[in-house]
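Here's a quick tour for anyone meeting this structure for the first time. We'll look at a sheet, the helices around it, a helix crossing and a cavity.

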Amino acid sequence: MTETASATQTLSAAQARRIALAAQGFTDPAHSVPTMRTFDRTLRRTGVLQVDSVNVLARAHLMPLYARMGSYDTDLLRRAADGATPRTRRLVEYWAHVQAYMPVELWPLMRHRMESNRPQGGKWGGADFDSVFAKEVVARIRDGGAATARDLDEGLPRSKDNWGWNWSATRRMLDCLYSVGEVAIVGRNNQFEIRYDLPERVLPAHVLEAPVPTPQDAVTELVRRAARSHGVATERSLADYYRLQAAPSPGVPSAREAIAQLVEEGELVPVSVEGWRRPGYLHREARLPRRVRARTLLSPFDPVVWERERTEQLFDFHYRIEIYTPAAKRIHGYYVLPFLLDDRIVGRVDLKADRATGRLLVHAAFAEPSAPEATAEELAVELRRLAGWLGLGEVVVAPRGDLAPALAAAVAAAG
C-alpha cells in the first residue's frame, strides 16, 4: 500500500528517499529465480547500466542488477546485449550517462549527441572523419566484419600519451567513429576489449529507420526517462542522468527547457524537499511507499549514488570513489561499496573478489553514525549472499574500520 505522492507539494527527506528507492526498483517484488522478465523490469527502472573496466569485485554493469534482482544468472545480460541477430538485440553500448548499456530504442534519441560530437572530431576531439585513415578503418570493418582495435592495429605503435590509457591510433579513431554513430559496439571479447561493427549489423532495422527527433524533443524524452528513474530530483540530477546540458544556450537543447515543458504538461510536479537547497520535481507516476525493505550493496557505479550531491541529499552519506586516490591518502579503501539497509545507507565496505583462492575479501568495514545495532549481522548475511553469487566460498574480514570487529564475529557466527 502506498501514499499518494503526486498530491504532495512538500516532501520530507525520508519521503524523498523512499520515492527515489522505489523508482529505482527496490520495492519491486523479489523473484526467487530472476528471469528475462525480471531483467526487463529492472532495466526499465535504471534506464541504463554504466560500463567500466574495473573488475575488482564484478563488472560495473553487473552490480546494479544484482542489487535489485539478487543472485541472478549473468547470462540474462549477455543475451540482452549480444542478441543472436540485430533484430533480437535489447541493449547496445553508447555514451548515455557515461559509457553504458542502454535500450536499443534510445539510439534515435542519441543522434543529437552524435551530431554534436562530429564538429569537434568525435568524443575526444581531433578526429578527421574525411581522412583516408578514417575511411580505411570503416572499410576494413565493412569488409572483414566485427573487430577490436587490436585486430585492426597491424603493429601500429602504441604510446602512453594519456594517463591510464594505452590506445593506438586505431583505437582512438574507432572510439571517435563510435561517438558519431559511424560504427557501433557489437560486444566485447574475453579481455573486455570492444568489438566494433557497422550499425546496420548491430541494431534492429526498426531502430535505425525510426524517425530522429529534434534535439530538444530528444532531450525532453531523456529528461522524462530520468524523472521516472529518479522519482523526485532537482534540475541538476535530471540533467546528469543522461549527461544533458542543464541551462539553455543558443542553439543547444537544455534540460531546463524540457523540465518546463513537462511541468506545463503535468508530468512533473514542482515540490519542496526538506534539506534540498534547490527546487525538486516529482514525476506524476512516482510511488511513495510506506516502507522500503532492502538489504544490498551498491557499486560505485550504481545510479543511486552516481551524483554525489544527490547521495548526500537523500542519505546524508558523503561518498567518494577512491580508486584514483594514492593508497596512502585513501580514507575508506580502493573499491568501497555503500551498504543499503531498508531506506538508509548504514555502512560501507572495501571489497575484493579473490577468485584464485575463492574468497570474498573485506579489506575494511565502516558504520555510519546512524547505523542500527544489527548492521553487522545484516551485512554479514548480505556478504554471504554476494559471495555465493560470485562463486566464492568464504568471506574474510580484515581488522580495519570501526565495523570490522563486529562484522568478523557476525560472519563467523553465520558459518
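Two strands count as paired if DSSP finds at least two bridges between them. Keep in mind as we go that this is a predicted model.

With that in hand, take strands β14 and β15. β14 covers residues 344-354, β15 covers residues 359-367, and the two pair in the antiparallel sense over eight bridges. To see one of these partnerships, find Asp350: its bridge partner in β15 is Ala364.

Now zoom out to the sheet. Five strands make it up, in the order β12-β13-β14-β15-β16. The sheet is open, and its pairing is mixed. At the edges stand β12 (295-297) and β16 (394-397), and each has a single partner strand, so one side of each has no neighbour in the sheet. From one strand to the next, the twist averages 30°.

Which helices lie across these strands? Two of them are set out here, α14 and α15.

| Helix | Residues | Lies across | Angle |
|---|---|---|---|
| α14 | 375-390 | β12, β13, β14, β15 and β16 | about 60° to β12 |
| α15 | 404-414 | β14, β15 and β16 | about 155° to β16 |

Next up is a helix crossing. Helix α1 (residues 13-23) and helix α10 (residues 215-230) have axes that come within 6 Å and cross at roughly 115°. Angles of 65 to 115 degrees count as roughly perpendicular, and that makes α1 roughly perpendicular to α10. Who actually meets whom? On the α1 side you'll find Ile19, Ala20 and Ala23, and on the α10 side Arg228, Ser229 and His230. Sorted by class, the contact has three nonpolar, two polar and one charged residues.

Some of these names come back when we look for empty space. How many cavities of 30 Å³ or more does the structure hold? There are three. The largest cavity has about 70 Å³ of space. Its lining includes Ala20 and His230, two residues you just saw in the contact of α1 with α10. The rest of the lining is Leu21, Gln24, Pro303, Val304, Arg310, Leu314 and Phe315.

Which elements give two or more residues to that lining? They are α1 and α13 (308-315). α13 gives the most, with three residues. By class, the lining of the largest cavity splits into six nonpolar residues, two polar and one charged.

Notes
Residues numbered from 1 in each chain as written. Predicted model: local features only at pLDDT ≥ 70, side-chain atom pairs only at ≥ 80, totals over all residues. Heavy atoms only, no water. Helix = DSSP H or I, 4+ residues; strand = E, 2+ residues; numbered from the N terminus. Axes fitted to C-alpha atoms, helices over the stretch in contact; angles between N-to-C directions. Contact = heavy atoms within 4.5 Å. Parallel < 35°, antiparallel > 145°, perpendicular 65-115°, else oblique. Nonpolar A, V, L, I, M, F, W, Y, C, P; charged D, E, K, R; others polar. 1 Å grid on protein atoms, 1.4 Å probe; cavity = no way out; pocket = protein on both sides within 12 Å on 5 of 7 lines; lining within 4 Å. Points joined across faces, edges and corners; volume = space filled by probe spheres on them.
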